[in-house]
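Take a look at the fold below. The walk-through starts at a loop and then moves inward.

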Amino acid sequence: PWAYSASLIADAKVLHHRSQADLDRFRALQRRVDELTRPECRPLMLRKAMERFRVLLSELGLLRIALSDGDATSAVAAGWRLHSEAVNCLALANQAHFSRGLGRCLPQVLELPRRPEDLETMLLGLAMPAGSDEMLAHGERLALAIRELLLNMQAETVRPVTPQEAFCDYY
């Protein structure tokens, strides 16, 4: 996911390259990652976050199915995938990436400027739940909180249009 892979590119130091073309391609990729963290790319990154939110919802569905089947192993796996997708959605929406993996990025996630309230409790409730009901409750609260955050951020980026602009090509 973007949350972790972007750092592998952005923070990388080239120690060896086969050709100048390889180095140029890699440098262009680093510039693209940097470009995606700039304000002018906010609508694009927000769209990407909305696309990943669908994956988050599918993981929530898999968590529900695993819990209803009493399959603890699948529930834990779905909980971690839901946790990872939630972090990825927030990273995309905030145009940020993390230098550490999923297990150690929590301090960076909690420093994001736009995040749901009580994010730490929800993430930890998914990662280390006291029981299956708590795990599902935290997963559902997290999904709803991220949905609300994404919708609010989307509303901030929408530019008002006149009726003439909206219906320009329809008549």
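**From a loop to the core**

At 33% relative accessibility, His17 counts as partly exposed, because that class lies between the buried limit of under 20% and the exposed limit of over 50%. The model is predicted. His17 sits in the loop that joins H1 and H2. Its side chain reaches the backbone oxygen of Ser19 at 3.2 Å. Glu120 is 103 residues away from His17 in sequence. In space, the C-alpha atoms of His17 and Glu120 are 41 Å apart.

Now turn to H3. This helix covers residues 42–69. With 28 residues at 1.5 Å a residue, H3 should span 40 Å, and its end C-alpha atoms are indeed 40 Å apart, so the two values agree. Which residues of H3 are buried? They are Met45, Leu46, Ala49, Phe53, Leu56, Glu59, Leu60, Leu63 and Ala66. An α-helix has 3.6 residues a turn, so residues three or four places apart point the same way. The cover over the buried residues of H3 includes H1, H2, H4, H6 and H7. After H3 comes Gly70, with a positive phi near 75 degrees.

Next, the core. The largest nonpolar core holds 44 residues, and Phe98 and Ile146 touch the most other members. Helices H1, H2, H3, H4, H5, H6 and H7 each give two or more residues to this core. H4 gives the most, with 10 residues.

What does Phe98 touch, leaving out residues up to four places away in sequence? Its contacts are Ala3, Tyr4, Ser7, Val87, Ala91, Cys105, Gln108, Val109 and Leu112. Among these, Ala3, Tyr4 and Ser7 fall within H1 (2–10). Val87 and Ala91 fall within H4 (72–94).

Notes:
Residues are numbered from 1 along each chain as its sequence is written. This is a predicted model: local features need pLDDT of at least 70, side-chain atom pairs count only at pLDDT 80 or more; totals for chains, interfaces and linings use all residues. Side-chain values use heavy atoms; hydrogens and water are left out. A nonpolar core is a set of buried Ala, Val, Leu, Ile, Met, Phe, Trp, Tyr and Cys residues joined through side-chain atoms within 4.5 Å. Buried means under 20% relative accessible area, exposed over 50%, partly exposed in between (1.4 Å probe, protein chains only). Helices (H or I, at least four residues) and strands (E, at least two) are DSSP runs, numbered from the N terminus. Contact means heavy atoms within 4.5 Å. The expected span of a helix is 1.5 Å times one less than its number of residues. A polar contact is a pair of N or O atoms within 3.5 Å; within protein, one must be able to donate a hydrogen and the other to accept it, and residues adjacent in sequence count only if both atoms are side-chain atoms.
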